[in-house]
Amino acid sequence: MEKELEKYRASRAEKYRETKKILWRPSFSVQGLGFSRLTSWFQRHPVDRRDEEVLPWFILFLKVLFWILLWGFFIQIEFGTVFFFLSMFYWVYSSMQANTRKPWEPSAYSVFNENCEAIDGTLNAEQFERELKFGAGAVSAN
């Protein structure tokens, strides 16, 4: 069982890497447009992916800093509580927007996944029944 699980995890990791490679391919070509020097430079100098990981955190930091400054301003004009609650309502609304899941990530609803595959940690009917009959310790981790 462990070998099958390792093989499954390896295949999922390979599928994830392949999907990620496909997503990072450019969808256009600059061949024949006089950009051969530019494209050859980019081929010799790969993009540093660390910048792509740091930039969203920096932008988030600037947004939080701006929000704190605005909140301080609204406190000065005695509308701090109103600003706080309105901004929290906006935060809840904006976090419910669609398309926040990456294309390679599985959906929380198993019917939308390939082969109706459930995500880790999902409680299904068979597991629930085993827990009721034999106790929580009888359920295996896989």
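Where is the place of L65? I found L65 in helix α3, residues 50-76. Helices here are DSSP runs of H or I with at least four residues, strands are E runs of at least two, and both are numbered from the N terminus.

I noted early that this is a predicted model, where local features need pLDDT of at least 70, side-chain atom pairs count only at pLDDT 80 or more, and totals for chains, interfaces and linings use all residues. Residues are numbered from 1 along each chain as its sequence is written, and side-chain values use heavy atoms, leaving out hydrogens and water.

Next I checked confidence, given as pLDDT, the predictor's score for each residue from 0 to 100. The protein has a mean pLDDT of 76, and 70% of its residues reach 70 or more. Helix α2 (residues 36-44) is lowest with a mean of 63, while helix α4 (residues 80-95) is highest at 90.

Back to L65: is this residue buried or exposed? L65 is partly exposed, because its relative accessible area is 39%, and the partly exposed class lies between buried (under 20%) and exposed (over 50%), using a 1.4 Å probe and protein chains only.

I then looked up the UniProt record. Its unreviewed entry lists residues 54-71 and 77-93 as "transmembrane region"; such annotations may be inferred rather than shown by experiment. Residues 54-71 are 100% helix and 0% strand, with end C-alpha atoms 26 Å apart. For residues 77-93, I noted 82% helix, 0% strand and end C-alpha atoms 26 Å apart.
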